Structures are given as structure tokens and as C-alpha cells.
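Hi,

Here is the structure I promised to pass on. Have a look at it first, and then read my notes underneath.

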Amino acid sequence: MSNNPSTGSARGRGQLFVVSAPSGTGKTTVVERLVQTVSDLVLSRSYTSRQTREGESNGVDYNFVTRSRFEEMIAAEEFLEWADVFGNLYGTCASDTERDLAQGQDVVLVIDVQGARQVRQRYRDTVGIFVMPPSFDVLEQRLRGRSKDAEDAMQRRLRTARNEVAAFSEYDYVIVNDELEACVDRLRAIVLAERARLKSVQAEAERIVDSFNERAPQ
Ligand code: 5GP
């Protein structure tokens with residue numbers, strides 16, 4: 001087995017990473033870039049009751065389900081966490097996450113602040129990363145640039161963003177997304193550093209020590 005820090009599978013059970021950021025921070029792009037360049041790291045695909053947007057497809061961006069199907073899943077306790085965000089329901093499937101972690105994959109959830117709180121209660125051993133926009137003005141510009149939202153929806157997003165940025169101190173790491181590549185680099189550094197923690201490498205390090213005990217001269 002390798003001790004390559006970019007490889008997760010040598011460590012047994014995977015690590016759960018939770019990334020939150022206000023809408024418009026660019027978190028989806030950043031995390032997609034991250035999982036393309038780090039092995040054994042998978043991006044969780046959430047369920048949502050919201051309508052598909054142009055360019056999105058079912059089973060790729062989200063698992064799109066009806067609101068009533070989503071509610072059935074809540075009742076059947078199929079979600080690790082779920083939340084109502086801007087009037088739509090979003091949730092992480094508990095069995096998908098558990099399967100990936102059990103297979104030694106590290107998993108990234110890109111979820112809102114409410115969802116992150118639920119995950120932390122369920123998995124103590126979660127690494128939380130908060131991605132912040134550089135300023136209110138930059139976030140507003142980005143949102144207005146990309147969005148076809150009506151003004152009241154825009155106001156709601158900005159209000160929600162204000163509440164979300166205030167929650168940054170609930171997370172283990174905070175990254176300011178001032179520049180895409182720099183932001184991806186910092187995220188990658190966090191994942192790799194977490195993989196080098198004693199608890200993550202203990203089993204492999206013990207095997208190495210055993211090999212010394214078997215082979216090295218007394
Ligand atoms: P959007 O509709 O723009 O794709 O996402 C809106 C918000 O929902 C984002 O803040 C996103 O992080 C959050 N979100 C996406 N999936 C989940 C999920 O599974 N759980 C929770 N709690 N939030 C989610």
C-alpha cells in the first residue's frame with residue numbers, strides 16, 4: 001500500500017468534508033475542480049425538489065425528485081441531512097454517503113449552513129470548510145451578473161448570504177474565494193493535510209513499524 005498523501009484508499013474508512021458558502025460564491029466550480037485533481041475524493045450528489053435549470057440533468061447535477069417523493073424520503077429517514085433552501089428541499093442521502101466512506105473514499109458535501117449543522121451532529125469527525133466571497137459588493141455583482149432572478153428573489157439571496165457568512169466560525173477552515181485557482185489550491189491543501197493526520201495514517205504507519213520489527217536487525 002502506498003503512503004502517497006494524495007491517495008485516500010490506503011487509510012480504511014474515508015473522511016467526510018463539508019463545504020458551505022453563500023449562493024454566488026462559486027463553490028460548485030471550485031469543488032468540481034478539486035475532485036478532478038484529487039484521487040479517492042468524491043462529490044456527493046444531493047437530492048432536490050427544485051426544478052431542473054437549463055443545462056442541468058438528472059443524476060448529474062442533482063437527483064431531481066418531486067416534493068412528495070422528497071417528503072417520503074424524509075419520513076423514511078433516508079437523509080443524512082436535509083434543508084429547505086429558498087423554498088426548495090435539498091438533502092444528502094445517508095446510504096450513498098455511508099457506502100462511499102465505507103469503501104475508503106473521501107466524500108465532499110456541498111451543502112448549506114443548516115445542513116452542515118445536522119451533519120456535524122451525526123458525524124463528529126467532519127472537516128468543515130467555509131468559502132467566503134471577498135466582500136458583499138463582489139457577491140452582489142456576481143449574483144446580479146449570472147442571475148435571471150426577480151428583484152425580490154435577489155434580495156432574499158443577499159439576506160440569506162448575510163446570515164450564512166456570519167456562521168463561518170462553526171467551520172474548521174475558512175477560504176476567501178478571491179481567485180478561482182488559488183481557492184482550489186487552498187482546498188486541495190486542506191484535503192491533503194487532513195489525510196496526513198495521525199488518525200488517518202495510523203494503521204498504515206503501524207504496518208510500516210511492523211515491517212521494521214520483522215526485518216530490521218536486532
Ligand atoms: P442551487 O439550487 O443553487 O443548486 O443550490 C442552492 C443551495 O442549496 C446552495 O447553497 C447549496 O449549497 C444548497 N444545497 C445543495 N445541495 C444540498 C443538500 O443536499 N443539502 C443542503 N442542506 N443544502 C444543499
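Below is what turned up around the ligand and in one of the pockets.

Before anything else, keep in mind that this is a predicted model.

Let's start with the ligand. It has 15 residues around it, and the closest are Ser46, Arg50, Tyr62, Tyr90 and Asp112. Sorted by class, that shell comes out as six nonpolar, four polar and five charged residues.

Some side chains make polar contacts with the ligand. Tyr62 puts a polar side-chain atom 2.5 Å from a ligand oxygen. For Asp112, the partner is a nitrogen atom of the ligand, 2.8 Å from an N or O atom in the Asp112 side chain. Arg53 also takes part: an N or O atom of its side chain sits 3.1 Å from an oxygen atom of the ligand.

How much of the ligand does the protein bury? Taken alone, the ligand exposes 520 Å², and 93% of that is buried by the protein. As for where the shell comes from, the elements that supply two or more residues to it are strand E5 (79-85) and strand E6 (88-93).

Now for the pocket. The second largest one has a volume of about 180 Å³. It is lined by 10 residues, and those closest to its centre are Arg13, Gly14, Gln15, Asp125 and Lys199. The class breakdown of this lining is three nonpolar, three polar and four charged residues.

That's the lot from me. Shout if you'd like to go through any of it together.

Cheers

Technical notes
Residues are numbered from 1 along each chain as its sequence is written. This is a predicted model: local features need pLDDT of at least 70, side-chain atom pairs count only at pLDDT 80 or more; totals for chains, interfaces and linings use all residues. Side-chain values use heavy atoms; hydrogens and water are left out. A residue is near a molecule or strand if one of its heavy atoms lies within 4 Å of it. A polar contact is a pair of N or O atoms within 3.5 Å; within protein, one must be able to donate a hydrogen and the other to accept it, and residues adjacent in sequence count only if both atoms are side-chain atoms. Accessible areas come from the Shrake-Rupley method with a 1.4 Å probe; for residues, only the protein chains shown count as cover. Helices (H or I, at least four residues) and strands (E, at least two) are DSSP runs, numbered from the N terminus. Ala, Val, Leu, Ile, Met, Phe, Trp, Tyr, Cys and Pro count as nonpolar, Asp, Glu, Lys and Arg as charged, and the others, Gly among them, as polar. On a 1 Å grid over the protein atoms alone, a cavity is a set of points where a 1.4 Å probe fits but cannot get out, and a pocket is an open set with protein on both sides within 12 Å along at least five of seven lines; lining residues have an atom within 4 Å of a point. Grid points are joined across faces, edges and corners, and a volume is the space filled by probe spheres set on the points.
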